[in-house]
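Here are a few notes to read alongside the model. Keep the 3D view open and take the points one at a time.

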2 protein chains.
Amino acid sequence: MTDQRGGRGGQNGPMQTETTAPVPGEGSCAPRRGRPRSEAAEQAIVASVERLMEEGSGLTELSIERIAAAAGVGKATIYRRWPNKEALLVDVLARLEQMPVPPHAGATVRDSLIAMVDDIRRRGLAKRSRWVLKTALGQLDSWPELRVLYKEKVIKPRRELARQIIRRGVEEGVLRDDLDVDLLTEMVVGPILIRTVLWEDAPLDDEGLAERMVDAVLTGAGVRPSGGESH
Amino acid sequence: MTDQRGGRGGQNGPMQTETTAPVPGEGSCAPRRGRPRSEAAEQAIVASVERLMEEGSGLTELSIERIAAAAGVGKATIYRRWPNKEALLVDVLARLEQMPVPPHAGATVRDSLIAMVDDIRRRGLAKRSRWVLKTALGQLDSWPELRVLYKEKVIKPRRELARQIIRRGVEEGVLRDDLDVDLLTEMVVGPILIRTVLWEDAPLDDEGLAERMVDAVLTGAGVRPSGGESH
DNA sequence: AATTTACGATACGGACCCGTCTCGTATCGG
DNA sequence: CCGATACGAGACGGGTCCGTATCGTAAATT
């Protein structure tokens, strides 16, 4: 059991590399002697992975051999930079989904919520993000390292951001204080995520969607005793 | 391109079988001559697939070879019933997720909504359903037949049920009529699905969760001008 | 009993893959 | 110029898998 992928997992091989990119602090240490690594090759590799993702390849289709071919690169050139397939994908995912966590943006809590929902909507329009999210949910389940990384790098900070905004809303008296913060978060984030992840045919290119969703959640789905306006 | 799985896709081979199960109308046609198919073997195969799913195997780990071994069955016994791996998994999924669409259940619209949300919650507790949902979202993307089947057999009827309930709610004046039916559906279903699919560590064993969620969505996340109760 | 079909096991060819290694060539420092 | 390292291409051994075929055996019909 725990057979997983077939990947060995250990740092064997040469691999004194640091991958050039992910450890920025290594910088000037040793301007090594021979021919330098080709920056172009590295970018071609990463770009090919991203392109293959966009084209809908499953996790299995993302083989080193395919990636190398797509990038016009020898397999050795990949293995010189990453110890194995897992590391490559983890790296690509990390830089793909690295949090540019949208700044709180809104002055109002409502504006912040709208900004957050709209960020999710816009991400849903990007095929790569969709791929990552859906694959992360599915196949990645049997791939602990990648799953943990994804949760740590993408889900958790976003969830934390959401909670902060919502906590602020509760403190300011804009959001109900008789509900769990988690429940409130789910109420706000749930609708757009459903549309993003689950119902692929649902339209996402509606600019005003986020605003309508947030307002609807704030106001409630039920009929209100007397009329109400939100802004 | 469109290489996909490696599966050939065509109905080659013997395959006069009808799989015994999925085409129920074939019944008594020919009480064939030799030794009859072992019902036990068939059940063992299906059970093994389900068990492997529950244990978290990815789509790739669900190989015919593994399934046969897990079921204590020869590969030929599988191929005598299903033409290929795809057909087997489609079949298992179909009978696993076949709609026992929970009857409308509630007299009130609110009760119906709660029943629906609670059904999702309970399904989220079943590992198999979780596997199917998450795998369907992820890896199944590059597997058209299975994806279509899943959408047709699971997602669509549930979505339709939700819309019916919600439409009834709008007609009865319980739900706002100034919102899209789809938006209302997402508001109701989104929160529980988020918790089911996305945040795996979130607890689902709270019996009153569905009720609280529905009420929260009905009442709204925002603070109401005057106090309000729903029931 | 003879025939027919299913059974579990397992061998097979073909395909893909991983990660290493070897080519011949290019590009760097010294 | 020379040693060192990188490059693309691809061979290689070892592995898993698919779907078929072949064992000897078991359970039905005729």
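1. Let's start with chain A and its contacts. Among the contacts in chain A with a separation of 6 or more, 62% are between residues 24 or more positions apart. Keep in mind that this is a predicted model.

2. What is chain A built from? There are nine helices and zero strands in chain A, so to speak an α-α-α-α-α-α-α-α-α pattern when you read along the sequence. Of the 231 residues in chain A, 35% are buried.

3. Now bring in the second chain. In general, two copies of a chain are related by a rotation about an axis and a shift along it. Here, chain B lands on chain A after a rotation of 180° with 0.0 Å of shift along the axis, and the RMSD is 0.1 Å. That is how a two-fold axis relates two copies. If you want to find the axis from chain B, look for B:Gly220: its C-alpha is the nearest one in that chain, 1.6 Å from the axis.

4. Where do the chains touch? The contact involves 44 residues of chain B and 43 residues of chain A. On chain B, the elements giving two or more residues to this side are α6 (127-137), α8 (181-198) and α9 (209-219). The largest share comes from α8(B), with 13 residues. Sorted by character, the chain B side has 22 nonpolar, 15 polar and seven charged residues.

5. Do check the matching surfaces on screen. Because 98% of the interface residues of chain B are also interface residues in chain A, the copies meet through the same surface.

6. Next, have a look at helix α1 of chain B, residues 39-54. This helix has 16 residues and reaches 23 Å from its first C-alpha to its last, close to the 22 Å expected at 1.5 Å a residue. Just after α1(B) comes B:Gly56, with a positive phi of about 90°.

7. Which residues of α1(B) are buried? They are B:Ile45, B:Ser48, B:Val49 and B:Met53. These four cover an arc of only 135° around the axis, so they sit on the same side of α1(B). The general idea is handy here: an α-helix has 3.6 residues a turn, so residues three or four places apart point the same way.

8. What do the buried residues of α1(B) pack against? Their partners in chain B are α2 (64-71), α3 (75-79), α4 (85-97) and α6. Turn to the other side of α1(B) and you'll find B:Glu39, B:Ala40 and B:Gln43 exposed.

Note on methods:
Residues are numbered from 1 along each chain as its sequence is written. Chains are lettered from A and ligands numbered from 1 in the order in which they are written. This is a predicted model: local features need pLDDT of at least 70, side-chain atom pairs count only at pLDDT 80 or more; totals for chains, interfaces and linings use all residues. Copies are superposed by least squares on the C-alpha atoms of residues with pLDDT of at least 70 in both. Two residues are in contact if their C-beta atoms, placed from the backbone, lie within 7 Å. Ala, Val, Leu, Ile, Met, Phe, Trp, Tyr, Cys and Pro count as nonpolar, Asp, Glu, Lys and Arg as charged, and the others, Gly among them, as polar. The expected span of a helix is 1.5 Å times one less than its number of residues. A residue is buried if 20 or more other C-beta atoms lie within 10 Å of its own, exposed if 12 or fewer, and partly exposed in between; C-beta atoms are placed from the backbone. The arc is that of the directions from the helix axis to the C-beta atoms.
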